[in-house]
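The following exercises concern the strands and one helix of a single structure. Each task is followed by a worked solution.

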Amino acid sequence: RMLAVGKGGYSALRRGRASAPGQVYLITWTTFERRRLFDDFARAVRMSRSISGLPLWVRHHLLCWVLMPDHMHLLVELGVGEDLPLLVQKSKGCTSRTMRSVEADIGPVWAIGFHDHAVRNDESLVEVARYVIANPVRAGLVARAGLYPFWNARWLESATDHH
């Protein structure tokens with residue numbers, strides 16, 4: 001659940017939280033005003049291509065992601081030399097610009113802020129990824145995750161790379 005931000009702003013919520021290179025984070029952010037922007041197939045395709053193609057994934061490792069109609073989940077291993085808020089800011093900024101390059105009147109794409117969970121050493125990355133990928137099933141959008149087109153996982157890519 002996203003936190004409402006009062007006086008002191010969003011940055012006050014993150015004060016005292018350190019980003020750790022090599023740490024895996026489950027990150028969630030929502031669309032502006034929870035608009036269901038990605039119910040539109042063409043938009044969802046554009047956003048999926050945008051998030052997958054970010055140059056940020058050279059330094060950081062995008063392990064899996066799922067684009068929902070009004071929010072996004074990513075499982076990311078943070079690289080060296082950048083903190084999590086900056087990575088999120090860059091991701092949201094780049095993908096928003098991509099959307100506006102096609103739809104100038106789309107308005108704000110992403111809401112301010114994000115939620116993150118540092119994946120603990122005792123948590124299985126594959127299990128966390130399965131949880132992420134199962135979001136469309138839990139939301140009632142599809143019966144099986146494989147039927148939902150707007151997601152990807154590193155494990156899937158590496159499995160198909162060898163065939």
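**Exercise 1.** How many bridges join strand S2 to S3, and do the two strands run parallel or antiparallel?

*Solution.* The model is a predicted one. Strand S2 covers residues 61-67, and 6 bridges join S2 to S3. The two strands run antiparallel. One pair can be located directly: His61 has Glu77 in S3 as its bridge partner. Finally, S2 and S3 make up a hairpin, with 3 residues between them.

**Exercise 2.** Determine which residue of S3 is the bridge partner of Trp29.

*Solution.* Begin with strand S1, residues 24-30, which is joined to S3 by 7 bridges. S1 and S3 run antiparallel. Within this pairing, Trp29 is matched by Met72 of S3.

**Exercise 3.** Explain why strand S3 is described as largely enclosed by the rest of the structure.

*Solution.* A residue counts as buried when its relative accessible area is under 20%. In S3 (residues 71-77), 6 of the 7 residues are buried, so the strand is largely enclosed by the rest of the structure.

**Exercise 4.** Check the span of helix H2 against expectation, then state what covers its buried residues.

*Solution.* The expected span is 1.5 Å times one less than the number of residues. For the 12 residues of H2 (residues 41-52) this should be 16 Å, and the end C-alpha atoms are 16 Å apart, which agrees. At the start of H2, the backbone nitrogen of Ala42 lies within 3.2 Å of a side-chain oxygen of Asp40. The buried residues of H2 include Val45, Met47 and Ile51. Their cover includes S1, S2, S3 and helix H3 (84-102).

Conventions. Residues numbered from 1 in each chain as written. Predicted model: local features only at pLDDT ≥ 70, side-chain atom pairs only at ≥ 80, totals over all residues. Heavy atoms only, no water. Buried < 20%, exposed > 50% of the residue type's maximum accessible area, 1.4 Å probe, protein only. Helix = DSSP H or I, 4+ residues; strand = E, 2+ residues; numbered from the N terminus. Pairing = 2+ DSSP bridges. Contact = heavy atoms within 4.5 Å. Polar contact = N/O pair within 3.5 Å; in protein donor to acceptor, adjacent residues only side chain to side chain.
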